[in-house]
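Here are a few exercises to work through with the model open beside you. Try each task before you read the solution under it.

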Number of protein chains: 2
Amino acid sequence: MKIAIAGAGAMGSRIGLMLHQSGNDVILIDRWPEHIEAIREHGLVADFNGEEVVAKIPIYSPEELIESQTQVDLIVALTKANQLDDMFHAIQSIITEKTHVLCLLNGLGHEDVLEKYVPKKNILFGITMWTAGLDGPGKVTLLGNGEIELENLEPEGETFAHEVVRVFDEANLNPVYSRNVRYSIWRKACVNGTLNGLCTILDCNIAGFGEQPVANEIVETIVAEFATVAAEEGIQLDQPEVNEHIAATYDPANIGLHYPSMYQDLIKNHRLTEIDYINGAVWRKGQKYGIQTPYCAFLTQLVHAKEGLLGAK
Amino acid sequence: MKIAIAGAGAMGSRIGLMLHQSGNDVILIDRWPEHIEAIREHGLVADFNGEEVVAKIPIYSPEELIESQTQVDLIVALTKANQLDDMFHAIQSIITEKTHVLCLLNGLGHEDVLEKYVPKKNILFGITMWTAGLDGPGKVTLLGNGEIELENLEPEGETFAHEVVRVFDEANLNPVYSRNVRYSIWRKACVNGTLNGLCTILDCNIAGFGEQPVANEIVETIVAEFATVAAEEGIQLDQPEVNEHIAATYDPANIGLHYPSMYQDLIKNHRLTEIDYINGAVWRKGQKYGIQTPYCAFLTQLVHAKEGLLGAK
């Protein structure tokens, strides 16, 4: 399959590399000049579970890609949430009526962006439990195991979704065809919508937050806001299950000792966060549906204030 | 006048010293052994606008005071909010039917504590704009000018309130007899209920918070919660005026460069905060009246989480 990875950061590099290794015609698309240059010169260099793997995978900026007149069967969207619109605006000329998009971004509301560039029947959504780390331009660390759950947004997309599952399966990406990927996306957004913002604002890891007596009360309030808005979109979240799922992460034997990605983006690297696509998205959707989401609103505002205080870019 | 200062920290030392200097029979009550010992040995030592003042003022622990069988005309309450109940429980035997209490604590809801020990007609409330700093056991720095606004809670207390104004005036404490001290208390609580918690959670000074584009939106939401609860208690806060008053503090030429007292308590000194008597009090009152106060609730929870993370005592 001819596959473009739109956004070749850590996770994009992982998925691109594994699809390339299993024989697909993969290209990477990114906007980071040093990253593009390093991959062209030395290949994509991965620490793949302790083994060094070097892969010569073509990489383009969106502008170069248009010149090359490339067309693809599948675009895997893995940009930062706030770069999705820019990316698809830039690469829209490579999208044919047969091109499908698999959106693997965290967060909510990305269909509003993608529908501007791709017919809804050609859109697939998924979530990934794989991990990946970017060590520098052209270098990634890929440890452990994971899986990808995906589904077509519209019934017409089902045939192609199963084809993607077959191709991903050959690449050992452990795909699962989902019967309710939107439920899984909302459920994962609840995890990110609590741990990410709260650990960032409180300057702590997941276990540190979980030890606080107020942790469960805060989490339950935020999850309830997510659930009320999700219900308006036809998703009935099982709140007790989601709350327990989040509480389970506090265990140091689980991911308790980790600092969430938003913490690393903002507190460590002074980068803008994706809060507008998590709690901020619930807040916006809530306003649209006439639902109060004060905890999501306040957490979004606090994270934006912290971005300003740290001069995040 | 025979006056006891219950809680001889920085502000208690200032008011006790100034009342002592103008000829009143003042005693200090405190629970900090090093502070008591230092004042007994060297007197209360103050940097009073650049001049060293040493005052021999009697100081007692509550237990010593009871043994001394002292009785007073006026108790000025200046403990930490969370120590008020303990203090009055410990000194209740010195309170006669003629003893009045002037409560100068920041925050809300202290009448609920005081009414357990003093008839309502003997309670006065006030707010102070004086400042004071505690440099160590027995040592304070007292700079600048201020004033005290006070009022009786019940009509029967008015005569004594005017007597307190006379005595405080002789001590140059710039007292003003208020016709609506409860309004002033709520207005001041709005300032503390925004700047204190927000600068603490965001780890910034007042100007730093004020520079953020979200600052006004957060402040207005919190002030609206205070106002809705205050209205239930018969206080009609002028929200635009309060919002402007808070926004004016952002100016570095005003108090913008200051870190609020809660920041100093928690972030600098790892001490428990008074959040339960500010935003937490509005949250509790809101629950009592059936009013939603989610920003006050969430800010209270975040500050408690931060107390836990920093091991505050």
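**Exercise 1. Look just after helix α12 of chain A: which residue takes a positive phi there? Then place A:Gly286.**

Step 1. A:Gly290, just after α12(A), has a positive phi of about 70°. Before going on, some ground rules: this is a predicted model, where local features need pLDDT of at least 70, side-chain atom pairs count only at pLDDT 80 or more, and totals for chains, interfaces and linings use all residues. Residues are numbered from 1 along each chain as its sequence is written, chains are lettered from A and ligands numbered from 1 in the order in which they are written, and side-chain values use heavy atoms, with hydrogens and water left out.

Step 2. A:Gly286 sits in α12(A), residues 279-289. Helices (H or I, at least four residues) and strands (E, at least two) are DSSP runs, numbered from the N terminus.

Step 3. A:Gly286 counts as buried because its relative accessibility is 0%. The cut-offs are under 20% relative accessible area for buried, over 50% for exposed, and partly exposed in between (1.4 Å probe, protein chains only).

Step 4. Skip the neighbours within four places in sequence, and A:Gly286 is in contact (heavy atoms within 4.5 Å) with A:Val229, A:Ile291 and A:Thr293.

Step 5. Zoom out: the buried residues of α12(A) are A:Asn279, A:Gly280, A:Ala281, A:Val282, A:Lys285 and A:Gly286. They pack against α5 (110-114), α7 (181-202), α9 (215-232) and α13 (294-309) of chain A.

**Exercise 2. Work out how α7 and α9 of chain B cross, and what residue classes make up their contact.**

Step 1. The axes of α7(B) (181-202) and α9(B) (215-232) come within 10 Å and cross at roughly 140°. Axes here are lines fitted to C-alpha atoms, for helices over the stretch in contact, with angles from 0 to 180 degrees between N-to-C directions.

Step 2. From α7(B), the residues B:Trp186, B:Ala189, B:Cys190, B:Gly193, B:Thr194 and B:Leu198 meet a set in α9(B) that includes B:Ile218, B:Ile222 and B:Phe226.

Step 3. Sort that contact by class and you get 11 nonpolar, two polar and no charged residues. Ala, Val, Leu, Ile, Met, Phe, Trp, Tyr, Cys and Pro count as nonpolar, Asp, Glu, Lys and Arg as charged, and the others, Gly among them, as polar.

**Exercise 3. Find the strands that β6 of chain B is joined to, and say which way its side chains point.**

Step 1. β1(B) (2-6) runs parallel to β6(B), joined by four bridges. B:Ala6 stands opposite B:Ala77.

Step 2. β7(B) (100-103) is also parallel to β6(B), again with four bridges, and here B:Ile75 faces B:Val101.

Step 3. In β6(B) (74-77), B:Leu74 and B:Val76 point one way, B:Ile75 and B:Ala77 the other, and all are buried. In a regular strand, side chains alternate between the two faces of the sheet.

**Exercise 4. Two asparagines of chain B have a positive phi: where do they lie, and are they exposed or partly exposed?**

Step 1. B:Asn49 has a phi of about 50° and is in the loop between β3 (44-48) and β4 (51-55) of chain B. With 47% relative accessibility, B:Asn49 is partly exposed.

Step 2. B:Asn172 has a phi near 60° and lies in the loop between α6 (158-170) and β12 (175-177) of chain B. Its relative accessible area is 54%, so B:Asn172 is exposed.

Notes: Two strands pair if DSSP finds at least two bridges between them.
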